[in-house]
Amino acid sequence: MLIELDIRDFALIDHVAVAFNKGFTVLTGETGAGKSIIIDAVGLCLGGRGDRELVKSGRDKARIQAVFDVAECEEEVLTLLEEYGVDIDDDHQLVVSRDLYQNGRSICRLNGLTVTQQILKRVMSRLMDIHGQHEHQSLLDQSRHCKILDVYGGKKLETLYENYKDRYENILSLRKELERLGTSDQERARQLDFLQAQIEEIDEAGLSAGEEETLKERNEFLRHGQQIFQTLGAFHEGVYEGGEYPSSLDLLSMHVKEMFSLAHLSKPLEDFSQRAEEIRINLEELCRDVRSYHDQVDFMPEELETIQQRLEQINHLKRKYGSSIEEILDFRESLQNELDELNNSAEKYEQTIKELEAEKNAAMELAEKLSKTRMETARKLQKEMVDILKTLNMGKVTFSVDRQPTEMKASGIDEISFLISTNQGEPLKPLSKIASGGEMSRIMLAFKTLFARIDSIPTLIFDEIDAGISGRTAQVVGEKLSYVSQNHQVICITHLPQIAAMAKNHFQIEKKAIGKKTKVQVNILEEEERLHELGRLLDGKVTDITLQHAREMLKASESANPLA
């Protein structure tokens, strides 16, 4: 739900910050006070088009920021945000901002992440609907009418559709399988030759797991074999054998012997002697080990060449079939599977055709059941919509759920669209062709009343809903808005006291001339202030009589049972 709206340097607004609550909220004010400016600002946050003329005169940019609590949103919303890389912290808040610059540039952000206008629109369409401005009304999208009807049909329609969808997805999968299998004999022969050649190339190499690592290690040793042989020989000669001069081991032995001759004179000399002797013994053992390893070193250029040729062969195969011997062997297995399947493809093709036909027959049977149930649901929806619209001062209305048959597709065999006629004798038209904003808002209110418990969009804004109504009709509209607000956050801009009195929260929008400038302000109304605003709405001015009527309206609204 919307918890805060912050508007800066937008049209006549310097800065307005409004904190919203759950339930039913109304915004009222004099004609021309700036209510439409608030709606325009919210529209930008929904991804609407921005006009640089909306930037306040003398300012570089306008900024609109809306903060939403998404803790109770459907999983679809959170998945969508995750898809676009938008992080949601533990506070479950989504900060939506829109900057509009004097040069016409516009920047959209979700939790600080810059996104395109289309992404913003896609995310926000799941969080908020504005009724009264056609471009933001989700119910005007004819492609969604079939889904809306299914949702209205409840568990029965949902189960039928899910069963059908499973069958339809099987059909798509089998069609892809047929495309893969349905190659000509000539093409199949080419594929068989190609696969066989790849398998033979891998098999002829005789690869084994771990072979490459062993070869690399031996290659590295042989490349330095001569250097290893010479280094070990020089070490043994200088340290153990000696020559013209005594060896290092001989010199060490002589000094150790001299030290032992003095060992009896003190404890440290005895310790030094023993440690020196240990070093002599270790050095002597080392010399023997070096000699033994030196004698084993056999530098063979032929072996080195053989190993390097083998490594080049392995690298050649890696470039074609995988980044390691293990991957090459796995790829070889997949080639064999593909070869076996291709060898049996003719038989498999015929089998798949039979499976596809069976699946299409099963899907069509489910699609027909789904279509029949949809039409039963449509008749119920038509009657209930007309009943509600008549209470909203649309007594001549006709509402119809139109069904056109189509080829089998993801949604079934139905093309569903909602049609309406608001005046007697007029033909039925799509919802999007309704010209009156007031009529459109009341139609949407009727939908929202019926869908109050199943509609997933958490925040609904109604604008112009009171156009052309008064008296008892206005009271009914207020009651239905209050009913919808039990499951949604409802924000309504209204001129009618009957609607305003039903709200839980009441804001007043007013335009003030300060010096040579005009500013728009939004104020939360407390009890006494609200009475005065309702009084003004009743008669255009506040009197003792209008205040008394306002008190009675508020008292009546507290005890009223919202109608479904």
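Biologist: Through how many residues does a hairpin join β9 to β10?
Modeller: This is a predicted model, in which local features need pLDDT of at least 70, side-chain atom pairs count only at pLDDT 80 or more, and totals for chains, interfaces and linings use all residues. Residues are numbered from 1 along each chain as its sequence is written, and side-chain values use heavy atoms, with hydrogens and water left out. Strands here are DSSP runs of E with at least two residues, and helices are runs of H or I with at least four, numbered from the N terminus. The hairpin takes β9 to β10 through two residues.

Biologist: How many bridges do β9 and β10 pair over?
Modeller: Two strands pair if DSSP finds at least two bridges between them. One position in this pairing is S400, which stands opposite L419 in β10. Strand β9 spans residues 398–409 and strand β10 spans residues 412–421, and the two pair in the antiparallel sense over a total of nine bridges.

Biologist: Which residue in the hairpin of β14 and β15 takes a positive phi?
Modeller: Strand β14 (residues 505–514) runs antiparallel to strand β15 (residues 517–524), with eight bridges between them. The hairpin has two residues between the strands. The positive phi, near 65°, belongs to G515.

Biologist: What is the bridge partner of I509 in β15?
Modeller: I509 falls within the range of β14, residues 505–514. The pairing of β14 with β15 is antiparallel. In β15, I509 is bridged to V522.

Biologist: Which strands stand at the edges of the sheet that holds β14 and β15?
Modeller: The sheet is open and mixed in its pairing, with six strands in the order β8-β12-β13-β3-β14-β15. An edge strand here has a single partner strand, so one of its sides is left without a neighbour in the sheet. From one strand to the next the twist averages 15°, with axes fitted as lines to C-alpha atoms, for helices over the stretch in contact, and angles running from 0 to 180 degrees between N-to-C directions. The edge strands are β8 (128–131) and β15.

Biologist: What is the bridge partner of H131 in β12?
Modeller: Strand β12 covers residues 459–462, and β8 pairs with it in the parallel sense over four bridges. H131 lies in the range of β8, 128–131. In β12, H131 has as its bridge partner F462.

Biologist: Why is one side of β2 and of β7 left without a neighbour in the sheet?
Modeller: These strands belong to an open sheet of six strands with antiparallel pairing, in the order β2-β1-β4-β5-β6-β7. The twist in this sheet averages 15° from one strand to the next. One side of β2 (13–19) and of β7 (113–115) has no neighbour because the two stand at the edges, each with a single partner strand.

Biologist: What is the bridge partner of R98 in β6?
Modeller: Strand β5 (residues 93–101) and strand β6 (residues 106–110) run antiparallel and are joined by five bridges. R98 is within the range of β5. In β6, R98 is bridged to C108.

Biologist: Is α5 roughly parallel or antiparallel to α13?
Modeller: Helix α5 (residues 154–181) and helix α13 (residues 345–391) have axes that come within 8 Å and cross at roughly 155°. Angles under 35 degrees count as roughly parallel, over 145 as roughly antiparallel, 65 to 115 as roughly perpendicular and the rest as oblique. The crossing angle therefore makes α5, relative to α13, roughly antiparallel.

Biologist: Is the crossing in which α5 passes α13 left-handed or right-handed?
Modeller: A crossing is left-handed if the near helix is turned anticlockwise from the far one by less than a right angle, and right-handed if clockwise. The way α5 passes α13 is left-handed.

Biologist: At what angle do α17 and α18 pack?
Modeller: Two packed helices are described by the angle between their axes and the distance between the axes. For helix α17 (residues 527–539) and helix α18 (residues 544–559), the axes are 8 Å apart. The packing makes α17 roughly perpendicular to α18, and the crossing is right-handed. The angle is about 110°.
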